[in-house]
Amino acid sequence: MVPDDCLRPPALRPGDAVMLVSPSGPTRPERVARGIELLTGWGLRPVPAPNAYARRGYLAGDDALRAADLNAAFADPEIRGVICTRGGYGAQRVVDLIDMAAVRRDPKVVAGFSDITALQFALWRGARLAGVHGPGAAWRDERTPLRSAESLHAALTSAEPVTVAAVEAEETYPVRVPGRAEGRLIGGNLCLITASIGTPDMPDLTGAILLVEEVQEPPYKIDRMLTHLRRCGALDGIAGVAVGQFTECADGWDTTVVDVLTDRLGDLGVPLLGGLPIGHGPAQLTVPVNTPAVLDATTGTLTVTSAVR
């Protein structure tokens with residue numbers, strides 16, 4: 001039995017204010033406008049953080065500004081949710097500046113993916129906060145259509161479990177080792193998982209179901225990251241692996257992403273399920289993270305306990 005001991009924030013309700021923050025890469029108001037429209041349509045009150053559109057090269061402003069926005073959101077009792085605008089790079093530079101006491105005092109649902117994996121890891125380490133792995137407020141209808149919006153809405157507003165089924169059209173669908181596993185779903189972007197090794201935020205994956213997804217990384221780099229996870233012992237004792245979308249990860253070699261994932265994960269002796277539409281690809285779906293889950297690689301489903309209450 002997986003201990004259900006995570007800190008769950010209240011589900012969002014119509015009228016709740018949510019702050020839009022940019023902990024990583026820069027974005028623009030025109031990119032976030034569609035996300036604001038979507039959130040408003042759900043009855044929420046999206047509030048761009050003071051520095052949401054700041055820019056300093058590949059960062060959304062200085063570290064101090066990005067950390068200040070996060071801490072302002074966590075400290076403000078009027079703000080009931082934190083929606084990251086996008087990923088990119090930079091979250092690891094600010095996570096040590098987060099006021100974890102404020103997070104624990106008034107837990108709020110935090111949603112984002114990609115580089116935001118680093119933020120979710122830090123919030124798990126510092127507050128045992130359950131989170132939401134899903135699209136950011138810089139919304140793109142061509143990549144995240146109605147089904148994606150409905151999935152995010154359900155994860156933010158409902159305490160019901162979330163079930164995601166493997167999709168045959170997904171590139172990683174052939175990656176599979178049958179079986180059933182129970183464990184806490186931990187993970188997200190593979191680059192950020194491996195970049196967390198050796199830091200205080202790297203979670204103990206013993207008994208966990210590891211979620212991995214990636215974008216624009218060739219197969220040999222994916223091999224290198226998975227091999228690093230194996231060699232450092234991070235995968236010792238895991239219960240299963242949930243494989244999401246590996247988007248635009250081809251190169252000129254004959255070896256494919258499916259080959260690498262099967263080779264590096266298929267001999268771990270645990271259930272392995274690919275084809276999950278979670279990640280950077282079309283029709284991305286949302287899942288809670290840091291909560292108990294069931295991975296059924298025989299039937300092709302991942303069921304995750306809600307991140308909100």
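**View 1. Trp-124, a buried residue of helix 4.** In this predicted model, Trp-124 is buried, its relative accessible area being 8%, where buried stands for under 20% relative accessible area, exposed for over 50% and partly exposed for what lies in between (1.4 Å probe, protein chains only). Trp-124 belongs to helix 4, residues 117-127; helices (H or I, at least four residues) and strands (E, at least two) are DSSP runs numbered from the N terminus. Once neighbours within four places in sequence are left aside, Trp-124 is in contact with Cys-6, Leu-129, Arg-184, Ile-186, Pro-203 and Asn-290, contact meaning heavy atoms within 4.5 Å. Ala-91 is 33 residues away from Trp-124 along the chain, and the C-alpha atoms of the two are separated by 14 Å.

As to conventions, residues are numbered from 1 along each chain as its sequence is written, and side-chain values use heavy atoms, with hydrogens and water left out. Because the model is predicted, local features need pLDDT of at least 70 and side-chain atom pairs count only at pLDDT 80 or more, whereas totals for chains, interfaces and linings use all residues.

**View 2. Helix 2 and its buried face.** Helix 2 (residues 63-75) has 13 residues and reaches 18 Å from its first C-alpha to its last, close to the expected 18 Å, a span reckoned as 1.5 Å times one less than the number of residues. Its buried residues are Asp-63, Arg-66, Ala-67, Asp-69, Leu-70, Ala-73 and Phe-74. Seen down the helix axis, these buried residues fall within an arc of 155 degrees, so they line one face of helix 2; the arc is that of the directions from the helix axis to the C-beta atoms. On the other side of helix 2, Ala-64 and Ala-75 are exposed. The elements against which the buried residues of helix 2 pack are strand 1 (17-21), strand 3 (79-84), helix 3 (100-105), strand 4 (109-112) and helix 4.

**View 3. The nonpolar cores.** The largest nonpolar core has 53 residues, of which Leu-156, Ile-222, Val-243, Phe-246 and Leu-261 touch the most other members; such a core is a set of buried Ala, Val, Leu, Ile, Met, Phe, Trp, Tyr and Cys residues joined through side-chain atoms within 4.5 Å. Helix 8 (residues 257-265) supplies the largest share of this core, 5 residues. Apart from it lies another core, of 25 residues, with Cys-84, Val-94, Val-103 and Leu-129 among them.

**View 4. The open sheet and the pairing of strands 10 and 11.** In the order 6-14-13-8-9-10-11-7, 8 strands form an open sheet whose pairing is mixed, two strands being paired if DSSP finds at least two bridges between them. Its edge strands, strand 6 (162-165) and strand 7 (176-177), each pair on one side only. Strand 10 (residues 240-247) and strand 11 (residues 272-273) run parallel and are joined by 2 bridges, and Ala-242 stands opposite Leu-273 in strand 11.

**View 5. Ser-151 and Trp-42.** Ser-151 has its place in helix 5, residues 146-157, and counts as buried at 15% relative accessibility. Beyond its neighbours within four places in sequence, Ser-151 is in contact with Leu-285 and Thr-286. Trp-42 is found in the loop between helix 1 (29-41) and strand 2 (45-48). With neighbours within four places in sequence again left aside, Trp-42 is in contact with Pro-14, Ala-149, Leu-152, His-153 and Leu-156.
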